[in-house]
Amino acid sequence: MKLFVFGLVAAAAAAAGASALVAASQSSPSQGPLYGHLKSITPQNHRFVLRFDPAWWLTGLAAERACGCKPVANDYYVVDESHRLLTFAVRPDAHVVVLVRGAGGVSTAAIPVAELAQIVAGKNPKHRPLLGRTAGYGFWIRIGVRYPNPVVSLEQQYQP
């Protein structure tokens with residue numbers, strides 16, 4: 001299964017070892033990625049505010065034990081027990097990637113945060129061929145390391 005998560009960093013780390021991951025994280029400081037669902041993104045002052053329902057994206061033994069099945073369907077299992085919403089500031093220039101239907105199947109599109117906010121609200125201002133309900137799909141977010149620790153990237157996760 002192809003994950004659309006931090007492809008360049010992951011490929012570099014796999015090819016050159018862990019030192020590439022350290023070097024990449026030093027060039028763009030952020031906290032580790034969080035997986036979950038976007039509930040709302042609203043403009044506020046000179047940034048956006050994200051309401052985020054975190055979840056655990058599990059694979060391997062952890063996924064087998066969490067779902068109580070073997071093999072795990074599609075090689076992953078999502079645990080989202082609390083539905084507690086967390087609030088994050090989002091940089092207006094954050095890197096956003098959504099999944100779209102293309103001529104060759106599923107592909108990605110980079111869009112502005114303002115457009116994602118409208119998509120999560122149920123609109124599609126650019127009439128993109130979105131893959132399902134974008135708000136219902138999971139996203140990986142990366143959080144900056146400096147206060148107010150804004151979200152610096154949001155990447156939609158493909159789920160078969």
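Trainee: Which handedness does the disulfide of C67 and C69 have?
Mentor: In this predicted model, the sulfur atoms of C67 and C69 lie 2.0 Å apart. The torsion about their S-S bond is about -95°, so the disulfide is left-handed.

Trainee: How many disulfides does a search of the whole structure find?
Mentor: C67 and C69 form a disulfide. Searching the whole structure gives a total of 1.

Trainee: Is C69 buried, partly exposed or exposed?
Mentor: The relative accessible area of C69 is 31%. Buried means under 20% and exposed over 50%, so C69, at 31%, is partly exposed.

Trainee: Which strand gives the most residues to the largest nonpolar core?
Mentor: That core has 24 residues, and L38, I41, L50, V98, L116 and L154 touch the most other members. Elements supplying at least two residues each include strand 1 (34-44), strand 2 (47-58) and helix 4 (113-120). The top contributor, with 6 residues, is strand 4.

Trainee: How many residues are in the other core, the one with W57 and W140?
Mentor: This core lies apart from the largest one. Among its members are A55, W57, Y76 and W140. Its residue count is 5.

Trainee: Is D93 buried or exposed?
Mentor: D93 is located in strand 4. Its relative accessible area is 53%. The cut-off for exposed is over 50%, so D93 is exposed.

Trainee: Which residue's side chain makes a polar contact with the side chain of D93?
Mentor: D93 and A114, 21 residues apart in sequence, are 9.3 Å apart from C-alpha to C-alpha. The side-chain polar contact of D93, at 2.8 Å, is with R91.

Technical notes. Residues are numbered from 1 along each chain as its sequence is written. This is a predicted model: local features need pLDDT of at least 70, side-chain atom pairs count only at pLDDT 80 or more; totals for chains, interfaces and linings use all residues. Side-chain values use heavy atoms; hydrogens and water are left out. A nonpolar core is a set of buried Ala, Val, Leu, Ile, Met, Phe, Trp, Tyr and Cys residues joined through side-chain atoms within 4.5 Å. Buried means under 20% relative accessible area, exposed over 50%, partly exposed in between (1.4 Å probe, protein chains only). Helices (H or I, at least four residues) and strands (E, at least two) are DSSP runs, numbered from the N terminus. A polar contact is a pair of N or O atoms within 3.5 Å; within protein, one must be able to donate a hydrogen and the other to accept it, and residues adjacent in sequence count only if both atoms are side-chain atoms. A disulfide is a pair of cysteine sulfur atoms within 2.5 Å.
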